[in-house]
Every structure is written in structure tokens, then in C-alpha cells.
Amino acid sequence: DYLATLAASPGAGLAVAFADETPVGCSTCLPLAEADAAVTAPFATRGWDPGRFFYFGESVLLPRWRGQGVGVTFFLEREAHARRSSHADYACFCAVRRPAVHLLRPADAVPLDAFWRRRGFVPYPDLVCTMRWKQVDSAERVENALSFWIKPLRDVSLP
């Protein structure tokens, strides 16, 4: 369903990282107004115009390729796409909210907050959406809370 939403969006973007001819990661984005209702709802609740935001979906990268600048490039490419293809004032994304000690957190997991802050994003811990997906410990879809991070794409103040 998610890929169908991206495919239907004329403003969507997809960045793919390759090692030779093998894809090793990808990153997605689309205008927030074209994202799923679960993602747009917190903005509407605040009275914020979704047209002012460009939503950065997931970035996934195989472990072997992490720490080599690909994640930075994913953010740069999505920001460039948002500026080229829209009049959005802000980029935003949401990240799963989990306690520091969580059964599903890999032992070698590194929090990405510092990485996101270096990209210019600011956390909005009270701007939250919920999504459901299957997890490794469940056959059923489980509800997860996600907090948003926002960055100006143009010369505007944060909302």
C-alpha cells in the first residue's frame, strides 16, 4: 500500500544507493499532503497546512554500507527534490518512539538523534502519529507511536 501511495504521487521521490549493480539502500519522500492520513493528521490537528511540508519516508541501508555518507546523501537528495518539485517550506519525517531499553532494539543500535540534528532537523516530541505494522515478535500488526522532526527548506522560521 505504501509503495502504491508513492507511485500515485506526482511529487514523490526515490533515491537508491547501488554498489556496482546491486541496490544496497533506498530512501523515499513525497509532499505531506499526499501522504497517508495517519501521517497528515497531527499537522491538521494543529491547523498547519500540509502543503507547507514535504514528508521524508523511510531510509533503509544495508549494515555494510552504513557510516560511509550514504545516509547524508539520502537527506541531501530528498531535500533537493523537495525544493525542485514543490513550494514546501519544511521537510519532516517521523521516527518510532521506543524506550532506550526495548526488546526489539538490536544490541548494537545507535540512536540517530545526533545525525538528524546535524542535518538541521529539530524534534517535535509532542507532534505524534500512530502507524500499525507487523513486527518480528508478532504475527499481527502492532500500533506504534512516532514523533516528528522538522527542518526549514527555505528562509522561514520553524512552526
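Modeller: Let's start with a term: a nonpolar core is a set of buried Ala, Val, Leu, Ile, Met, Phe, Trp, Tyr and Cys residues joined through side-chain atoms within 4.5 Å. Keep in mind that this is a predicted model.

Colleague: Okay, which residues in the largest nonpolar core touch the most other members?

Modeller: That core has 18 residues, and the ones with the most such contacts are Leu32, Phe43, Phe53, Tyr55, Cys92, Phe148 and Ile150. Helix 2 (37-46), strand 3, strand 4, strand 5 (122-134) and strand 6 each give two or more residues to this core. Another core, of 14 residues, lies apart from it, and its members include Phe75, Ala82, Ala91 and Phe93.

Colleague: What makes Cys92 count as buried?

Modeller: The cut-off is under 20% relative accessible area. Cys92 comes in at 0%, so it's buried. Cys129 has 2%, so that one is buried as well.

Colleague: And why is Cys92 not called part of a disulfide?

Modeller: For a disulfide, the two sulfur atoms must be within 2.5 Å. The closest cysteine sulfur to that of Cys92 belongs to Cys94 and is 7.7 Å away, so that's too far for a bond. Cys129 is in no disulfide either, with the sulfur of Cys94 4.0 Å away. By this rule, the count is zero disulfides.

Colleague: Over to helix 3: how do you know that its length agrees with what a helix should span?

Modeller: Helix 3 covers residues 70-85, which is 16 residues, and at 1.5 Å a residue it should span 22 Å. Its end C-alpha atoms are 22 Å apart, so the two agree.

Colleague: Which residues of helix 3 are buried, and what do they pack against?

Modeller: The buried ones are Val70, Phe74, Phe75, Arg78, Glu79, His81 and Ala82. They pack against several elements, among them strand 1 (13-19), strand 2 (22-31) and helix 4 (113-118).

Colleague: What makes strand 1 and strand 2 a pair?

Modeller: Pairing takes at least two bridges. Strand 1 and strand 2 have seven, in the antiparallel sense, so they qualify. As an example, Gly13 has Cys29 in strand 2 as its bridge partner. Along strand 1, Gly13, Ala15, Ala17 and Ala19 point to one face and are buried, while Leu14, Val16 and Phe18 point to the other and are not.

Colleague: Why is Asp20 called exposed?

Modeller: Exposed means over 50% relative accessible area. Asp20 has 80%, so it's exposed. Asp20 sits in the turn of the hairpin that strand 1 and strand 2 form, and has a positive phi of about 60°.

Notes:
Residues are numbered from 1 along each chain as its sequence is written. This is a predicted model: local features need pLDDT of at least 70, side-chain atom pairs count only at pLDDT 80 or more; totals for chains, interfaces and linings use all residues. Side-chain values use heavy atoms; hydrogens and water are left out. Helices (H or I, at least four residues) and strands (E, at least two) are DSSP runs, numbered from the N terminus. The expected span of a helix is 1.5 Å times one less than its number of residues. Buried means under 20% relative accessible area, exposed over 50%, partly exposed in between (1.4 Å probe, protein chains only). Contact means heavy atoms within 4.5 Å.
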